[in-house]
Amino acid sequence: MNSHSSKYLSSPECDSISTCSSSMSSYYDQIVELHVGYKKVLVTGGAGFIGSHVAEHLLERGDDVVIVDEMNDYYDVRIKESNLSMLVEKFGDRVQVYRGNICDESFMLDVFEQTRPGWICHMAARAGVRPSIQDPYIYIQSNIVATTLLMELAHKFGVRNFVFASSSSVYGGSKSTFFSEEENVDNPVSPYAATKKACELLAYTYHHLYKLNVTGLRFFTVYGPRGRPDMAPFKFIDRVSRGMEIQKFGDGSSSRDYTYISDIVDGVVRSIDRHYPYQIFNLGKGNGTSLNEFISIVEKHTGKKAMIRQLPDQAGDVPYTTADVTKASILLGYNANVSFDDGIRKTVEWYRNARNEKFNKLLISPETQANGFGRSPSFVEMPLREFSVGAGGK
Ligand SMILES: NC(=O)c1ccc[n+]([C@@H]2O[C@H](COP(=O)([O-])OP(=O)(O)OC[C@H]3O[C@@H](n4cnc5c(N)ncnc54)[C@H](O)[C@@H]3O)[C@@H](O)[C@H]2O)c1
């Protein structure tokens, strides 16, 4: 049981201690056996941040991996190319790479016919909350339509387990600050969040109709080496390292749950290895880090003082959000064990090497990345909120 269990018992979602205790004991009743041994896993979005780390882990332990990625320019494609090169150099033909759109039915049918994966780890998606408001259709296509197609193929090709990325953003409309999977999340506040919730619903349908084993994972802001340049941890490390200004909203006491990539990979792989009929899990660190703490940890590891532009609180921002990971802890044996301090230390170490070796040449910087439309906005053209640390990114 993790350190939040007592909080879980008294969280607002639980009517009484006995209700929560019984739901926890029912978790123990649901534990399924671990599948050990070789797997061939289709990793969609395998050129991206989380997908490339999961693929690397699976290959390292001896599984074979098929990657499908369309290499879109939501952020600099050279980052994705470099992720793929690293995997191919390291693992040779144990990793097969298909470049294409997962919404393309005949392309995906070919991939399944040629590779016949037994497991699917579906990480491909359009990510990012704000761009989804500007262009919802591409999110509906890449997230909902593609996930439906993949589950259809998974069912037809007898896939043993389908694991997919959902997001903590499904809790967007929630009034609570300690998010449990038992909470009602019927009020998504962005098209991105709505697509993730829709995928969770469709996943249930595929489980119900065809007994497809499906697990949805609600990730809480993931960071680490090779991390997405549109997200706060990367942006802060980069800007502070380069002596550029960062923006601080409010008094800095608001906090978020940030999860280090190796903990997320651990949770994803545990989900691949346990064939739950239908489950949704939070994967987070299980505790929050305040904005003030965040800034001082970045300062400590970069060895630079942050130049802060103080701004008022953003309307609607909740002061404290964190993942309740009790369910993942019981059913998957998941426990995040990288502290934020250690995670930022490792990320800064990676950033320094990557910048020295590649970034100076590649000119990767958050100011020229990730508006979701393949354009390169300058920092000043973007609305202030886009660069809020508190927002964390999804
Ligand atoms: N990083 C986080 O903090 C976070 C938080 C919550 C949820 N998630 C979810 O986790 C998953 C992985 O996120 P990430 O941070 O690694 O993002 P990422 O953008 O680095 O990776 C996603 C990959 O999917 C590919 N892709 C997108 N649409 C595609 C399509 N139609 N066909 C083929 N490939 C396509 C992209 O090219 C990219 O390489 C996503 O589903 C995301 O929504 C991430």
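These legends accompany close-up views of a predicted model.

**View 1. The protein chain as a whole.** The chain has 394 residues, and 48% of them count as buried. Its secondary structure comes to 13 helices and 15 strands. Take the contacts between residues at least 6 apart in sequence: 82% of these join residues at least 24 apart.

**View 2. The shell around the ligand.** There are 31 residues around the ligand. Gly 45, Gly 48, Phe 49, Ala 125 and Ala 165 come nearest. Two helices, H3 (49-60) and H7 (136-156), each give two or more residues to this shell. Strands E2 (64-69) and E5 (161-167) do so too. The largest share, three residues, comes from H3.

**View 3. Chemical character of the ligand shell.** Nonpolar residues number 16. Nine shell residues are polar, and six are charged.

**View 4. Helix H8 along its length.** H8 covers residues 191-210, 20 in number. From first C-alpha to last, H8 reaches 28 Å, close to the 28 Å expected at 1.5 Å a residue. Lys 211 follows the helix, and its phi is positive, near 60 degrees.

**View 5. The buried residues of H8.** Pro 191, Tyr 192, Ala 193, Ala 194, Thr 195, Lys 196 and Lys 197 are buried. Further along H8, so are Cys 199, Glu 200, Ala 203, Tyr 206 and His 207. An α-helix has 3.6 residues a turn, so residues three or four places apart point the same way.

**View 6. Packing partners of H8.** The buried residues of H8 pack against two helices, H6 (130-134) and H7. They also pack against strands E5, E7 (214-219) and E12 (278-283). Both H7 and E5 also contribute to the shell around the ligand.

Definitions and conventions:
Residues numbered from 1 in each chain as written. Predicted model: local features only at pLDDT ≥ 70, side-chain atom pairs only at ≥ 80, totals over all residues. Near = placed C-beta within 6 Å. Helix = DSSP H or I, 4+ residues; strand = E, 2+ residues; numbered from the N terminus. Nonpolar A, V, L, I, M, F, W, Y, C, P; charged D, E, K, R; others polar. Buried ≥ 20, exposed ≤ 12 C-beta atoms within 10 Å, placed from the backbone. Contact = placed C-beta atoms within 7 Å. Expected span 1.5 Å × (residues − 1).
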